[in-house]
Every structure is written in structure tokens, then in C-alpha cells.
Amino acid sequence: MYFFRKKRLFVILIGFIILVGLIGLTLRDREELSTVEEFLQDTVGWLQNVVHIPVEFSTSLISNIEDMKNVYEENQVLKSRLGQYKNLLYEVQELKQDNEELRNVLDKTESITDYQPIQASVIARSPEPAFHQVKISKGKQHGVESNMAVITGNGMIGKVQSAAQFTSTVLLLSGFDRSNRISVDVAIEDKKNVSGFIVGFDEESESLLLELNTYDVKLDGGELVVSSGMGGVFPRSLEIGTIEEVTPDKYGLTQIAHVTPSANLSNSDHVIVVNRLALQPEDEITQEGEE
Amino acid sequence: MQKFYLPLLLLVLLVLEGVALDFLPISLIGDWIVVPHWLLVLLVLVTIFYDKENTYNSIIHAIIFGLLIDIVYTNVLGVYMFIYAITIYSIHELKKILHTNYFVALLMTIIAVGIADIGIYFIYFFIGAIELFWKEYLMIRLIPTLIANILFFLICYPFVKRKLVKWTIERFDRENGIK
């Protein structure tokens with residue numbers, strides 16, 4: 001009996017050592033997954049794809065029925081907006097054409113705004129909420145690489161954390177911290193844009209923390225925050241959110257703005273992975289990766 | 001053949017955990033964090049109704065599927081594997097003391113989910129993956145998680161118990177009969 005007690009203790013100790021070793025090995029930010037992990041991710045991902053279809057059908061059926069209650073009122077509002085949009089569309093087309101012509105004159109074909117969209121759907125959500133991850137149905141074979149931005153129709157929701165061959169894992173904005181900063185611009189009417197960095201997420205107010213680069217600018221709230229493309233990884237002008245309130249940071253050196261994300265992070269089924277077309281400067285890639 | 005039913009069932013649950021949160025309406029959850037520990041609930045039932053006193057099927061499954069959860073759903077490997085294995089092991093020991101019936105199974109599920117989630121919270125807290133403090137964790141994560149998993153237990157118990165008892169008779173009792 002004594003022997004078995006000793007053996008049991010031994011096994012638990014070995015288990016503990018394995019646990020600490022594995023955590024130590026995997027805790028650092030890894031760009032690449034090992035082959036075994038990729039294989040398991042893809043295999044489970046395939047099953048998730050199969051399960052996802054009926055699940056999405058039933059959940060969207062329920063939300064569709066809920067939506068039907070407000071159809072009439074929404075229709076009225078939308079009709080009144082439609083007229084305005086036609087004007088806007090014409091204006092945008094004019095501007096686009098203008099822009100293209102001017103670019104041609106300058107012989108500048110590359111822009112950090114351009115990107116190639118890769119359509120994907122969300123097939124699973126991590127049941128462990130500490131990691132703020134979702135899984136999408138496109139992987140390396142479709143051109144997805146780690147660190148690409150992921151957006152929905154409403155705005156940015158996160159970035160690709162790791163890509164397997166046929167699926168990839170997306171880190172949502174709510175899981176961002178200082179090691180995945182986004183360089184952004186705040187659009188202010190009639191003035192020069194203010195730049196800054198998204199440095200983290202505040203769980204309590206459910207808003208992103210934006211560190212502004214200047215101290216003297218005054219923001220009232222409601223300003224649009226878009227990516228600036230200066231980080232070297234994300235393209236320019238992806239919508240991120242709107243400013244809620246501005247407070248000085250704890251050392252009084254800069255201002256911290258709370259930004260409400262435009263996209264619904266917890267409930268988005270169809271996403272677009274953004275493949276920036278402009279070349280990424282070599283040193284900046286490694287910098288952004290390690291940051 | 002029936003050897004493979006159990007891993008298959010566990011695999012299906014692993015996949016379903018990924019879409020579990022889609023079924024809950026957001027208005028109902030609010031600030032709460034609900035973690036589905038369905039695999040663990042099933043493993044507790046396996047420990048109680050399938051394993052004999054000297055067989056350790058459930059613990060081996062806990063290690064393998066815990067590692068799978070780590071790989072598929074989290075960044076940090078080893079946490080679910082270690083915690084699930086320890087939890088199932090303690091349930092295995094506890095089973096020797098208690099007489100098995102419906103309420104004991106319910107009690108063991110609550111204990112297992114409680115131990116596992118608190119263990120996971122502590123490890124993640126130490127490595128900095130969770131920033132919730134103990135009191136907040138208790139209110140917004142532990143209690144909703146316990147309730148959700150008890151609900152899962154109540155739903156799956158009648159189906160799973162009958163199957164497990166059948167499988168265990170087919171596997172262990174017949175083998176012993178032949179010997």
C-alpha cells in the first residue's frame with residue numbers, strides 16, 4: 001500500500017512537471033503552429049464545419065423571426081435614407097475616378113489602402129473565454145497568413161493569430177493587449193487627423209483603449225477611428241470604432257480615449273480576412289510580429 | 001467495435017462545445033461568462049457508470065481530450081489536460097466511498113465542474129491569461145458555469161447512463177466471464 005502511495009505521488013509530480021514545461025513552451029507568442037497542432041486543428045475544423053451548417057441555420061432562423069417584428073418601421077426609415085445614398089454614391093464614384101486618374105498621372109500604383117479580401121465564415125468560438133478566439137473556415141491554402149486583419153461589414157473584429165492549412169484562429173479585438181498594437185487615425189471634421197495606438201481592451205466598459213499621440217487636441221466623443229496603415233501589417237482605413245470618452249492617462253503625459261468597436265465581436269458569422277497588397281517593409285514585419 | 005463509441009461521443013462533444021455559445025441568446029447571458037465543460041460532465045458519468053474500480057479508461061480519455069481542447073481552443077497547452085486528469089482522478093477515488101445513484105452523480109458533477117473551473121482559473125490567473133479577480137470570477141464565471149453544466153447533466157443523464165451501463169456490461173463483465 002505504501003508503495004502505491006509513493007507511486008501515485010510520483011505520477012502527480014511528473015504530471016506537474018509536464019504541465020509547467022508545456023505551459024512554458026507554448027506561452028510565448030508563436031507565429032507558426034507545429035505540424036501536429038495544424039493537423040488536429042484541421043481535422044476538428046472539418047468536423048466543426050459540418051456541425052456549423054445546421055447550427056447556423058437554426059440560430060439564424062430564430063433571429064430572422066425576431067427581426068420580422070420590426071420590418072415595417074425599418075422599411076420606412078430605410079426608404080427615407082435611400083435618396084441620400086444615391087447622391088453619396090455618385091459623389092464617391094466621382095472621387096474614386098478622380099483619385100485613380102491622379103494616381104496614374106503620378107505613376108503611383110501601390111497604395112496601403114488596397115487589399116485583397118478573403119471571404120470566410122466563423123465555424124467555432126472558443127469555449128474558454130479567457131482567450132477571445134474564434135475559428136474561421138479558411139487557412140494557408142486559401143492565402144490566409146498570421147497577423148492579417150479580420151473585418152466584417154461593420155468594421156474590424158480582430159486579427160489572424162495562427163493559420164493552419166484549412167482553418168485559422170482569429171484573436172478578437174477584445175483580446176488585444178500591448179503586444180498587438182494597432183496604429184490608428186482619429187478622423188476629426190475640418191481638421192488634421194490625430195494619430196494614436198490601440199493599446200488594449202477594457203473589459204469593464206467593453207471598449208478599446210486608444211493612446212493618442214498628442215496631448216492638446218480636444219475630442220468630444222463620436223469621432224470615427226480607422227486604421228492608419230502605418231503599422232506595416234494592416235491596410236489603411238479599416239473602420240475600428242467610435243470614440244466614447246477621453247481621459248488623461250495616469251502619468252498625465254497623453255490622453256486615453258475609450259473606443260467602442262463598430263463591429264459586433266460576440267456575434268459575427270461572416271468575416272473577411274484582409275490581405276494587404278502593399279509590400280510590407282521587412283524590418284517592420286518582424287517588429288510588428290514581436291511587439 | 002463498441003470500444004470506439006466512447007471516443008467518438010467525446011469527439012462530437014468537443015466539436016459541439018465550439019458552437020455551444022451560439023445557442024444561448026445574448027440577452028440572457030449579459031455580463032456572465034459561461035464555459036461549457038460538457039466533456040468533463042460526460043467523463044464524470046463514464047467514471048461512475050463505465051469504469052470498474054481497477055480500470056482507468058476515464059482518466060486516459062481525460063488526458064487525451066483535455067490536450068485536444070488545449071490545442072483546438074486555447075493557446076496554452078497542458079492546462080485542460082492536467083486539470084481534467086486530476087479532477088477525474090479525484091472523482092474516481094470519491095466513487096469508492098459513495099454509493100452510486102442519481103443524486104450522487106449530480107453531486108459529483110457539481111464537484112468536478114467546480115474543481116476543474118477553479119483550477120483552470122488559478123492557472124490562467126498565474127500565467128496572466130485571465131485578469132478577473134477572485135470575487136468577480138466567483139460571481140460572473142463560476143456560478144453561471146455551474147448552472148449551465150448542471151443543465152447539460154440533467155439533459156444528457158438519462159440517455160448516456162443507459163448506454164454506458166450497457167457498454168460496461170458488454171466490455172468488462174463478458175471479458176471476465178470468458179476468463
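Here are five short exercises with worked solutions on the predicted model shown above.

**Exercise 1: The enclosed strand**

Work out whether strand β5 of chain A is enclosed or open, and find which strands pair with β5(A).

*Solution.*
- Step 1: Start by counting. A residue is called buried when 20 or more other C-beta atoms lie within 10 Å of its own. In β5(A), residues 168–172, that label goes to 5 of the 5 residues, so the strand is largely enclosed by the rest of the structure.
- Step 2: Now look at the two faces. Ser168(A), Val170(A) and Leu172(A) sit on one side, Thr169(A) and Leu171(A) sit on the other, and all are buried.
- Step 3: Go to the neighbours. β2(A) runs antiparallel to β5(A), with 4 bridges between them; Ile136(A) has Ser168(A) as its bridge partner.
- Step 4: β4(A), residues 156–163, also pairs with β5(A) in the antiparallel sense, this time over 5 bridges. Here Gly158(A) is partnered by Leu172(A). These two strands make a hairpin, with 4 residues between them.

**Exercise 2: Two odd phi angles**

Find where Asn147(A) and Glu206(A) lie, and decide for each whether the residue is buried or partly exposed.

*Solution.*
- Step 1: Recall the usual pattern. Most residues other than glycine have a negative phi.
- Step 2: Check Asn147(A). Its phi is near 80°, a positive value in a residue other than glycine. Asn147(A) belongs to the loop between β2 (133–136) and β3 (149–151) of chain A. It has 21 other C-beta atoms within 10 Å, so it is buried.
- Step 3: Check Glu206(A). This residue isn't a glycine either, yet its phi is positive, about 50°. You'll find Glu206(A) in the loop between β7 (194–202) and β8 (207–212) of chain A. Because it has 15 C-beta neighbours inside 10 Å, Glu206(A) counts as partly exposed.

**Exercise 3: Closing a barrel**

Trace the order in which the 6 strands of the chain A barrel follow each other.

*Solution.*
- Step 1: Follow the strands round: β6-β7-β8-β11-β10-β9, with antiparallel pairing.
- Step 2: Add the twist, which averages 45° from one strand to the next.
- Step 3: Zoom in on one pair. β9 (residues 224–227) and β10 (residues 239–248) of chain A run antiparallel and are joined by 3 bridges. Val226(A) faces Glu239(A) in β10(A).

**Exercise 4: The largest nonpolar core**

Find which helix supplies the largest share of the largest nonpolar core.

*Solution.*
- Step 1: Note the makeup of this core. It has 52 residues, and Leu39(B), Leu40(B), Leu42(B), Val44(B), Leu45(B) and Tyr84(B) have the most contacts inside it.
- Step 2: List the helices of chain B that supply at least two residues each: α1, α3, α4, α5, α6 and α7. The largest share, 11 residues, comes from α3(B).
- Step 3: Take a closer look at Tyr84(B). Leaving out residues up to four places away in sequence, Tyr84(B) touches Leu40(B), Ala62(B), Gly66(B) and Ala116(B).
- Step 4: Don't miss the other core. Apart from the largest one lies a core of 46 residues, including Ala124(A) and Phe176(A).

**Exercise 5: Where the chains meet**

Describe the side of chain B that touches chain A, by element and by class.

*Solution.*
- Step 1: Count both sides. Chain B puts 30 residues into the contact and chain A puts in 28.
- Step 2: Sort chain B's side by element. α1, α4, α5 and α6 of chain B give two or more residues each, and α1(B) gives the most, with 10 residues.
- Step 3: Sort that side by class. You get 24 nonpolar, 4 polar and 2 charged residues.

Methods:
Residues are numbered from 1 along each chain as its sequence is written. Chains are lettered from A and ligands numbered from 1 in the order in which they are written. This is a predicted model: local features need pLDDT of at least 70, side-chain atom pairs count only at pLDDT 80 or more; totals for chains, interfaces and linings use all residues. A nonpolar core is a set of buried Ala, Val, Leu, Ile, Met, Phe, Trp, Tyr and Cys residues joined through C-beta atoms within 7 Å. A residue is buried if 20 or more other C-beta atoms lie within 10 Å of its own, exposed if 12 or fewer, and partly exposed in between; C-beta atoms are placed from the backbone. Two residues are in contact if their C-beta atoms, placed from the backbone, lie within 7 Å. Two strands pair if DSSP finds at least two bridges between them. Axes are lines fitted to C-alpha atoms, for helices over the stretch in contact, and angles run from 0 to 180 degrees between N-to-C directions. Ala, Val, Leu, Ile, Met, Phe, Trp, Tyr, Cys and Pro count as nonpolar, Asp, Glu, Lys and Arg as charged, and the others, Gly among them, as polar.
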